[in-house]
Structures are given as structure tokens and as C-alpha cells.
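Colleague: Could you walk me through this one? I would like to go over the overall make-up and then some of the details.

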Amino acid sequence: MTMHKRMATAAVCTLLLAVGCAGPPASDGARPSGPPPAPGREVRTLVLPLDAYQLDGRNAALVATAQEKLTTSCMARQGLDWPEVPHPATKTWPNRGRYGLAEPAVAARYGYRPIPDRASAAAEQLMGRRDAGLTAQQNKAAYGADGQSGCAARAQQALMRDVPKVDSDLVNEASLTAYKKSQQAPAVRKVFAAWRACMRSRGHDYVDPMAPNDDPRWTGEHPTHAETATAQDDVACKLKAHVVPVWWRADAALQRQTIKDHAERFQRIGDARDRYLKNAQRHSSSMKQ
């Protein structure tokens, strides 16, 4: 594993341990999740209650910047340079594909292929070039002889200082449970049936809106005409059957109930997030040139 991969992976692990969150905590489970997407509109801004317990692009950039600056300071104390990689805040849409493909333009261009994440790819390239240019001495100081210590690890420890330990798995488990259970809601089953009938009328036989994405025919480097045609029919049928707004309502209701049922645990996660982001803010701002 390359050095920049090691640092990126370690940073992600730190974020998961601290459960950095976007926006205000949703510990009472009573706050609205925002309006459902209007028919025909992109679902980039779709909001769910558990989003409050995930890092958005702004907070992720804040943490990454703080880690860079902490690493720089640690390296400087050893008389070594650390070429910082910039981490600009980027827009994130955590629920964009939660209910399957739902954007006509995306379906026509990419079919069921992942939308390219150019910002992440650019950051990976910058870190790769940075780490490839490190001297042996810089490399050891930054990552330790074992690749798991050094200044990078100390930066993580500084970000985690006074952050209470929490059950970070709760958020992912709650999200997955709500996603699965929401599919069994009567209203969701009804729109699934309407979507299925619509797809059959267009020559496609799929059991549910998740199935087209896993069609084994979609191979090769680029989507075929058959794939993009199917994807466009899929989106059109989702819009006709109102799949996304109905499914979103059921999913959001289950998430709100889970947050309410485990209010104390989610409050602790929110407290950990606040402490973690305060650490990141302090280290990011106090070290600016």
C-alpha cells in the first residue's frame, strides 16, 4: 500500500471513530427532513434525518486541512518540510443514489455506471505525487517505520483529543435497517408495483427498482445503448410511479423513529461530533500562515 493511501485510510478511520456530522444534531428525531424531491427534479439535495450524523464535504475538508497543518507542524519540529495538499470543500449529496437511478440526464450519459468523482480523484493524485516525492527521512517521520505512526498518527491523536468514545456503527446500522424496512411499507410496495408494470410495458422485466442496476448485461468500460435506454426507461417509470418521494417518506419516518428510540445514544454521537469538529476548527485556524 502506498503512503498516500495509508494516510487517506487512517484519516477516514479517524472520521468514523469520531462520527463527524454535518449540520445540527437530530437527537430528538422530530425535525423535518426537508421536502421530498419534486417530480422530474434531480435528487441531489434529498435530506434524511441520519444525514445529521455524517460528514458533509465542508466538514470533511475542515478535518483534512487540520490534519495537514498538524502534520506540517510536527514535521517542522524535526526540521523537515511537509508539502501540504489543499482540501477545498466540495458539495456532497449523500442520498443521490439511495433510491436508485433517478436523474434523466445521468441515465442518458452514464447508464448505471458510477458518476465520476473528479474532486476525489484529483485529491488522490495530489497525495500520490506528494508522497512519491518524499525523501526516506520525510517518509519515516510522517508515517513511521511501520507506516502507521509518525506525524500523521500524532495529527489524528490531536484531532481525537477529548472526543468521547461512541458507538459509531449505530448510524450505519440504523440507515441500513431503515432502507430495508422501508421497502416493505405498503405505500412503497404499491409504487414498486406501479414501477414494475411501467417497466414491463416498455419491455423490461425487473422485480424491483434496485434490480436494473445489478443487471449482469452491464459490462465493459462504457455503457451500451441498451443500458442507457433501459436506464432512461427506469427513471421515467420512477417519475411516473412517484417512487422516490413515496420511498423517501417511509425511509425518513423510520430514521426519525430510530433516532427518537435511541435519543441518548444519538446525543452522545452528536456531542462527539461537536468536540471533534471544534478540534479540527481550532487546529485549522490557529496554524494558518
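**Cross-links, helices and aromatic rings**

Modeller: I will start with a cross-link: the disulfide of Cys198 and Cys237 has a torsion of -75° about the S-S bond and is left-handed. Cys198 belongs to helix α8 (residues 186-201) and Cys237 to helix α9 (residues 225-241), so this pair ties together parts that lie 39 residues apart in sequence. Please keep in mind that this is a predicted model.

Colleague: How far apart are the sulfur atoms of Cys198 and Cys237, and are the two residues buried or exposed?

Modeller: The sulfur atoms are 2.1 Å apart, and both Cys198 and Cys237 are buried.

Colleague: How many disulfides does the structure hold?

Modeller: There are two disulfides, and, with bonded cysteines counted along the chain, they follow the pattern 1-2, 3-4. Besides the link already described, Cys74 is joined to Cys151, with 2.1 Å from S to S. That pair links distant parts of the chain, since Cys74 sits in helix α2 (residues 57-76) and Cys151 in helix α6 (residues 150-159), 77 residues apart.

Colleague: What is the handedness of the disulfide between Cys74 and Cys151?

Modeller: The torsion about the S-S bond is about -70° there, so the disulfide of Cys74 and Cys151 is left-handed. Cys74 and Cys151 are both buried.

Colleague: And Ala152, where does that lie?

Modeller: Ala152 is in helix α6 and, with a relative accessibility of 5%, counts as buried. The C-alpha atoms of Ala152 and Thr72 are 9.2 Å from each other, although these residues are 80 residues apart along the chain.

Colleague: Stepping back, how many helices and strands does the chain have?

Modeller: The chain has 11 helices and zero strands. Of its 289 residues, 47% are buried, and the chain exposes about 15300 Å², of which carbon and sulfur atoms supply 55%. Among contacts with a separation of 6 or more, 82% are between residues 24 or more positions apart.

Colleague: Let me pick one helix. Does the span of α4 agree or disagree with its number of residues, and why?

Modeller: It agrees, because the 15 residues of helix α4 (residues 118-132), at 1.5 Å a residue, should span 21 Å, and the C-alpha atoms at its ends are 21 Å apart.

Colleague: Which residues of α4 are buried?

Modeller: In α4 the buried residues are Met127, Gly128, Arg130 and Asp131. Viewed down the axis of α4, the buried residues fall within an arc of 165°, so they line one face of the helix. The face turned away from that buried side carries the exposed residues Arg118, Arg129 and Ala132. As background, an α-helix has 3.6 residues a turn, so residues three or four places apart point the same way.

Colleague: What about helix α5, which of its residues are buried?

Modeller: In helix α5 (residues 136-143), the buried residues are Gln138, Ala141, Ala142 and Tyr143. Gly144, just after α5, takes a positive phi of about 80°.

Colleague: Changing topic to the rings, how many aromatic pairs are there?

Modeller: The count comes to six aromatic pairs. One of them is formed by Tyr99 and Trp247, a tilted pair with 4.9 Å centre to centre and 50° between the planes. Tyr99 lies in the loop between α2 and α3 (104-110), whereas Trp247 is in helix α10 (residues 243-261), so this pair ties together parts that are 148 residues apart in sequence.

Colleague: Are Tyr99 and Trp247 buried or exposed?

Modeller: Tyr99 is buried, with a relative accessible area of 2%, and Trp247 is also buried, with a relative accessible area of 0%. Tyr99 and Trp247 belong to one aromatic cluster together with Tyr179 and Phe192.

Colleague: One last residue, Arg98: where does it lie, and which residues does it touch?

Modeller: Arg98 lies in the loop between α2 and α3. Leaving aside residues up to four places away in sequence, Arg98 touches Leu48, Ser175, Tyr179, Trp247, Asp251 and Gln255. Tyr179 and Trp247, both touched by Arg98, are members of the aromatic cluster. With a relative accessible area of 15%, Arg98 is buried, because the cut-off for that is under 20%.

Note on methods: Residues numbered from 1 in each chain as written. Predicted model: local features only at pLDDT ≥ 70, side-chain atom pairs only at ≥ 80, totals over all residues. Heavy atoms only, no water. Helix = DSSP H or I, 4+ residues; strand = E, 2+ residues; numbered from the N terminus. Expected span 1.5 Å × (residues − 1). Buried < 20%, exposed > 50% of the residue type's maximum accessible area, 1.4 Å probe, protein only. Arc of directions from axis to C-beta. Disulfide = S-S within 2.5 Å. Contact = heavy atoms within 4.5 Å. Areas by Shrake-Rupley, 256 points an atom, 1.4 Å probe, with all protein chains shown as cover. Phe/Tyr/Trp six-rings, centres within 6.5 Å; stacked < 30°, edge-to-face > 60°.
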